[in-house]
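Biologist: I am new to this structure. Please take one part of it, the aromatic side chains and their surroundings, and go through it closely.

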Amino acid sequence: MARWRWAFILVGLLLGLGAILVLADSLLRLYAALALLSPLLARLVMGAIVAIGLAIAGFGLYRLRPFLRPRRRKPRPQAPRDPGEAAAVTLQTVQRQVEQIQDQVAREALAQKAQGLQATLGDRTFTIAVFGVGSAGKTALINGLLGQAVGAVGAAMGTTQTEHTYTWQLADLPRTLQLIDTPGIAEVGVAGTEREQQAREIAARADLILFVIDDDLRQAEYTVLRSLMAMGKRVLVVLNKADRYPETDLDLLLGRLRSRTVPPLSPDDLVAVAALPQPLPQVGGGWLQMRPNLRPLQARLADVLRQEGETLLADNLLLQTQQLGEAARQIIDHQRQAQAEAIIDRYQWLGAGAIAITPLPGLDFLATAAINAQMVVELSKVYGCEVSLEEGKALAVSVAKTLTGLGLVKGTVDLLALGLQTNLATVVAGRALKGASGAYLTRIAGKSFVEYFRQNQSWGDGGMGAVVEQQFRLNQRDAVMKAFIKEAITRVVPLISDQS
């Protein structure tokens, strides 16, 4: 395309140069002819012609000045480098999205979450979620960090039923910390599944996660750990009950744990502790309860909070705003899908009526282009892409030609013929087939336009044909076809009967 443009420019320049040469030759001939009569008259006429030419050229340049002036490109807004600034920008976008949600309950729920995040843009408490399977020692770990028994400790699975939050101050760190004891994961039963979902939601909100285990990673633990790390959460894996292992076995276990995660855990992010050591037998009888050994975890926490604390706060805030934005986008998308479906449903039966009552020699989908053009305009408004009626007509005709070129018109007739002929009399079925086929093709076109507007007025890498063909396949499903034929009989046949 660029080569043709340059060829046109070159031809235009050559033609312009030729015109200038012809004009110059004509002026010289005129001057010579006038000079024979009177040299003074020749100079006056030539001066007047030059003055008029300069005036015309000046006026033309003045009128073309806005087009000749180099356009100033608007500077592209640069993405904020700081995660906190990015979170603030994302939150503003989320708040605008929330205003578009029509469902009052969903809108108020998201607005409340957005307000909560807005309130935390400044200084806020650093939250640490203590996460893991039931009876791994989460509550005992919190008791040991706090230096007092604040939660019940038991051997039974599911001892912690709901979340509990405790305020904590780590030595030499000015920021206040919150330890959140979460319900256990991988518990059986409906109640266990609900508690795991609650624990996952808490972990997704936390700035840092202490993933507590008491042995080698189980499959359920590994899956959850991978999902948290893929989400971008900062995780420290805490091997509790380390006092049960001989030193050699403990080193081997730690090595396996570091290598099994993908990407592998940093050696510093896997710590072995004993939150509630097993009692030791004493000489002469009785048992000696050892103190918790949590120094490796406390030291690692202090290092992480000093080096990464502010960054983790900002990153987590950005992650939460992005998740809230994604939730708003999904609600808006479902809302738009419902509106678009209603528009397509209305126009497909309008097109069916136009074809069924119009005596056409064959199924001419282009005959309904005007109806489909208006459908395109309405769909564009739903997705915030204003399209004029003329542009809608051009899109409708293009899709109609694509349907014909791909052989989907014949395919539609073949699909619907059997279903209609088995339910209707032959005479009625023939005309109903035309109307129903037109409705079905309008439906495929409408679904294709929805994808076009969802992708910001782009057909994607595969082009229009790929989108249209995909929508045809999706609407070929048996349940969809049966429902469509049933509705076609209900809507189209009465039109034919009324006309008869």
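Modeller: Rings of Phe, Tyr and Trp (for Trp, its six-membered ring) pair if their centres lie within 6.5 Å; planes under 30 degrees apart count as stacked, over 60 as edge-to-face and the rest as tilted. The model is predicted, so local features need pLDDT of at least 70 and side-chain atom pairs pLDDT 80 or more, while totals for chains, interfaces and linings use all residues. Residues are numbered from 1 along each chain as its sequence is written, and side-chain values use heavy atoms, with hydrogens and water left out.

Across the whole structure, a search finds five aromatic pairs. One of them joins Tyr-440 and Phe-472, edge-to-face, with 6.2 Å from centre to centre and 80 degrees between the planes. This pair links distant parts of the chain: Tyr-440 lies in helix α13 (residues 426-454) and Phe-472 in helix α14, 32 residues apart. Helices here are DSSP runs (H or I, at least four residues), numbered from the N terminus. Both rings belong to buried residues, where buried means under 20% relative accessible area, exposed over 50% and partly exposed in between (1.4 Å probe, protein chains only). The value is 1% for Tyr-440 and 8% for Phe-472.

Tyr-452 and Phe-453 also form an edge-to-face pair, 5.2 Å centre to centre with 65 degrees between the planes. Tyr-452 is buried at 10% relative accessible area, and Phe-453 is buried at 2%. Ring pairs connect these two with Phe-449 and Trp-459 in a cluster.

The helix that carries Phe-472 has another partner. Helix α14 (residues 463-474) and helix α11 (residues 389-405) have axes, lines fitted to C-alpha atoms over the stretch in contact, that come within 10 Å and cross at roughly 70 degrees. The angle runs from 0 to 180 degrees between N-to-C directions. The two are therefore roughly perpendicular (65 to 115 degrees; under 35 is roughly parallel, over 145 roughly antiparallel, the rest oblique). The crossing is right-handed, meaning that the near helix is turned clockwise from the far one by less than a right angle; anticlockwise would be left-handed.

On the α11 side, Ser-398, Val-399, Thr-402 and Leu-403 meet Met-464, Gly-465 and Val-468 of α14, contact being heavy atoms within 4.5 Å. By class, this contact has four nonpolar, three polar and no charged residues. Nonpolar covers Ala, Val, Leu, Ile, Met, Phe, Trp, Tyr, Cys and Pro; charged covers Asp, Glu, Lys and Arg; the others, Gly among them, are polar.
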